[in-house]
Amino acid sequence: MSWTTAIVAASAVAAACVGAGLAVRARVRAERRFALALARVDEHMAAISSTLASALETAVEPRRPAVALPVGGFAELLEELAETARTLVGADALALRVEGPSSRPVLVTTSPGLDPALLESLLAGRSARDVRAATVQWTYGPSEQAHAAYRSALVVPVLEGGEPTGVLAACSAAPEAFGSEQAAAVRALLEEVAPTLSAARRLARVESGSVVDPATGVRNNRGYRQELEREVARAERTGRPLSLVVVDADGEDVREVAALLSRLVRSTDVACRRRAHELALVLPETPAAGAERLVARVREEAARTLATGGGARLALRVVE
């Protein structure tokens, strides 16, 4: 073997060693980052669990004064979890959909730009208990690449007591951004918070009896004020749209109108009874144009189904 060949071989070995060392250091840094994030989550969730457990004990003990958990407490917990998971894996956007206190799904996202069709394709059909995690890679043609917001995703089911209750989807603009380490970190995070989610849901169910209007089954005035306050604060914090539809049902059967509204809204919207003959729809993630479209649907359905033959006195207005 010539000296030149030996030098080239030695250089190749040295480069390989340097590459391996860099890879090891990168993995160690990633593991430390995950460990630190999980440690912060452990501390945060332990505090939440303690508070929830204490509040739940107080709420169900008849001889002690009830502790009122804000209506948005469960959703706020999901928002905290979603943002923690997004930071943990370095995602550009993340969505989390989990069974809510009323058994209807509660959806939170960390980015208002998530396309609804894309989001639904990720969240649908991924909660089977035998699926631990799934990675998704999107490829685009040359003309589509400039407009593609995301190129890879990680989908992990949410399990509570071994039963699927929801799904988490993280998206990245980078190709192949998620692998086994990110999947393991998200699974560990979800396992960590599962007892807290269950406790928060139970407590929200206990508390929900005090914010539901018994005549219509929708939120009462107290529930309306709490929900609106929470959504206004979230909209101000995130810059996402929020609309309010006020429905004057004077002259109509308010129970029929409430049932009509409940049929037409999305699972993330909230129907409320503000006054004796006035209802409201709190519409998160909805600009005024979207609220106006909903108003048109309500008018059309009211004309078709209300017992008065059209709901002529049913007045709706949009507040953005």
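This passage describes the confidence, strand pairing, cores and selected residues of a predicted protein model.

The mean pLDDT of the protein is 76, and 71% of its residues reach 70 or more. Confidence varies between elements: strand β4 has the highest mean, at 93, whereas helix α1, which spans residues 3–60, has the lowest, at 49. Two stretches remain under a pLDDT of 50. Over residues 1–20, the model has one contact beyond four places in sequence. Over residues 53–71, the model has 26 such contacts beyond four places in sequence. Where pLDDT is low, the predicted coordinates should not be read in detail.

Strand β4 takes part in pairing with two other strands. Four bridges join strand β3 (residues 134–137) to β4, and the two run antiparallel. Nine bridges join β4 to β5, again in the antiparallel sense. Residue A153 illustrates both pairings: its bridge partner in one direction is V136, while its partner in β5 is C171. In the next position of β4, L154 stands opposite A170 in β5. The hairpin formed by β4 and β5 has two residues between the strands, and G161 takes a positive phi near 60° there. Strand β5 also pairs with β1, antiparallel and over six bridges; within this pairing, A95 stands opposite A169 in β5. Strands of a sheet pair through backbone hydrogen bonds, either parallel or antiparallel.

Burial was examined for the two strands of the hairpin. Eight of the nine residues of β4 are buried, so this strand is largely enclosed by the rest of the structure. Strand β5 is likewise largely enclosed, because eight of its ten residues are buried.

Residue S152 offers a detailed view of this region. S152 is found in strand β4 and is buried, with a relative accessible area of 0%. The side chain of S152 reaches the backbone oxygen of A174 at 2.6 Å. A polar atom of the same side chain, that of S152, lies 3.3 Å from the backbone nitrogen of A177. Beyond four places in sequence, S152 touches a number of residues, among them V136, Q137 and W138, as well as A170, C171, S172 and F178.

The largest nonpolar core contains 27 residues, of which L96 and L197 touch the most other members. Two or more residues are given to this core by each of α2 (73–89), β1 (93–99), β4 (152–160), β5 (163–172) and α4 (180–208). Contacts of L197 beyond its neighbours within four places in sequence are made with F74, L77, L78, L81, V158 and E160. A second, separate core has 23 residues, including V247, V257, L260 and L279.

An open sheet is formed by four strands in the order β7-β8-β6-β9, with antiparallel pairing. Its edge strands, each pairing on one side only, are β7 (270–275) and β9 (315–319). On average, neighbouring strands of this sheet are turned by 25° against each other, direction ignored. Five bridges connect strand β6 (residues 242–248) with β9 in the antiparallel sense, and in β9 the bridge partner of V247 is L316. Two helices pack on this sheet. Helix α5 (residues 221–238) touches β6, β7 and β8 (278–284), and its direction makes about 25° with that of β8. Helix α7 (residues 288–305) touches β6, β8 and β9, and the direction of α7 makes about 170° with that of β9.

A second serine, S262, is found in helix α6, which covers residues 254–264. S262 is partly exposed, with a relative accessible area of 34%. The side chain of S262 reaches the backbone oxygen of A258 at 2.9 Å. Leaving aside neighbours within four places in sequence, S262 is in contact with V218 and A271. The C-alpha atoms of S262 and L281 are separated by 9.2 Å, and these two residues are 19 residues apart along the chain.

Definitions and conventions: Residues are numbered from 1 along each chain as its sequence is written. This is a predicted model: local features need pLDDT of at least 70, side-chain atom pairs count only at pLDDT 80 or more; totals for chains, interfaces and linings use all residues. Side-chain values use heavy atoms; hydrogens and water are left out. A nonpolar core is a set of buried Ala, Val, Leu, Ile, Met, Phe, Trp, Tyr and Cys residues joined through side-chain atoms within 4.5 Å. Buried means under 20% relative accessible area, exposed over 50%, partly exposed in between (1.4 Å probe, protein chains only). Contact means heavy atoms within 4.5 Å. pLDDT is the predictor's confidence in each residue, from 0 to 100. Two strands pair if DSSP finds at least two bridges between them. A polar contact is a pair of N or O atoms within 3.5 Å; within protein, one must be able to donate a hydrogen and the other to accept it, and residues adjacent in sequence count only if both atoms are side-chain atoms. Axes are lines fitted to C-alpha atoms, for helices over the stretch in contact, and angles run from 0 to 180 degrees between N-to-C directions.
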